[in-house]
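Work through the exercises below with the sequence and the model at hand. Each task is followed by a stepwise solution.

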Amino acid sequence: MTRRFLFVLGSARAEGNSELLARRAAEQLPPDVEQEWIDLTEFPLPDFEDLRHDSDHVRPTEGTVARLLDATLAATDIVIVSPLYWYSVSAQTKRYLDHWSGWLRTPGLDFKATLAGRTMWGVTALAHREEIVADPLVGTLHNSAAYMGMRFGGVLLGNGSKPGDVLADDAALTRAKTFFAQEAPLARFLYEQDVTA
């Protein structure tokens with residue numbers, strides 16, 4: 001299957017630091033790799049309504065939800081691009097992931113089976129020098145990938161608060177050059193990992 005990257009932009013700011021860092025990393029992808037960029041502020045998702053005990057989910061056929069679903073199913077690599085907001089992903093990003101719960105329960109979609117083996121990545125900018133404060137965001141993406149049976153390429157972290165700050169983070173820009181070239185292991189929950197290794 002030809003690699004196809006879906007970049008899901010979850011910032012409340014256009015061309016924010018997380019997006020700038022993601023675009024630097026994407027510049028390194030081979031030219032034959034397809035890229036689709038979807039900005040969740042331009043294509044806002046409605047609040048997710050949990051219908052699992054009330055009625056069947058129906059596959060959306062039009063609008064933003066359908067576009068995001070189709071793009072997600074078509075991607076071999078899903079890149080969550082979200083700034084660190086209150087130590088986790090942004091509200092827009094969380095809403096996108098919440099919709100996965102509905103897609104999991106949509107008859108005939110086989111959402112989990114389709115995404116199994118594909119790869120999730122993350123890119124985030126944080127306004128803190130200690131990268132450990134991003135652990136909740138990393139955990140959200142890692143555990144989501146583990147639940148779905150996906151691979152997890154990790155999260156590319158950069159430092160920045162004001163627009164464009166991340167472009168002065170030389171270490172992050174250096175990591176961006178090889179970020180998508182690394183091998184992404186199968187994501188596993190911490191309790192599944194071999195503690196004797």
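The exercises go from the whole chain to two helices and then to a cavity.

This is a predicted model, in which local features need pLDDT of at least 70, side-chain atom pairs count only at pLDDT 80 or more, and totals for chains, interfaces and linings use all residues. Residues are numbered from 1 along each chain as its sequence is written, and side-chain values use heavy atoms, with hydrogens and water left out.

**Exercise 1.** Describe the order of helices and strands and the overall dimensions of the chain.

Step 1. Count the elements as DSSP runs, numbered from the N terminus (helices: H or I, at least four residues; strands: E, at least two). The chain has 6 helices and 5 strands.
Step 2. Along the sequence they follow the pattern β-α-β-α-β-α-α-β-α-β-α.
Step 3. The radius of gyration, taken over C-alpha atoms, is compared with the globule rule, 2.2 Å times the number of residues to the power 0.38. The chain has a radius of 16 Å, close to the 16 Å that the rule gives for 197 residues, so it is as compact as a globular protein of that length.
Step 4. Along the principal axes, the C-alpha atoms fill a box of roughly 50 × 45 × 35 Å.

**Exercise 2.** Compare the span of α5 with the expected value, and find what its buried residues pack against.

Step 1. The expected span is 1.5 Å times one less than the number of residues. Helix α5 (residues 135-148) has 14 residues and reaches 20 Å between its first and last C-alpha, close to the 20 Å expected.
Step 2. Take buried as under 20% relative accessible area, with exposed over 50% and partly exposed in between (1.4 Å probe, protein chains only). Among the buried residues of α5 are Leu-137, Leu-141, His-142 and Met-148.
Step 3. With contact meaning heavy atoms within 4.5 Å, the buried residues of α5 pack against β3 (77-81), α3 (91-104), α4 (111-115), β4 (119-126) and β5 (151-159).
Step 4. Just after α5, Gly-149 takes a positive phi of about 75°.

**Exercise 3.** Which residues of α3 are buried, and what covers them?

Step 1. The buried residues are Gln-92, Thr-93, Tyr-96, Leu-97, His-99, Trp-100, Gly-102 and Trp-103.
Step 2. Their cover includes β1 (4-9), α2 (63-74), β3, α4, β4 and α5.

**Exercise 4.** Which residues line the largest cavity?

Step 1. On a 1 Å grid over the protein atoms alone, a cavity is a set of points where a 1.4 Å probe fits but cannot get out; lining residues have an atom within 4 Å of a point.
Step 2. The lining consists of Leu-9, Gly-10, Ser-11, Arg-13, Ala-14, Ser-18, Glu-19, Asp-39, Thr-41 and Val-81.

Terms used: On a 1 Å grid over the protein atoms alone, a cavity is a set of points where a 1.4 Å probe fits but cannot get out, and a pocket is an open set with protein on both sides within 12 Å along at least five of seven lines; lining residues have an atom within 4 Å of a point.
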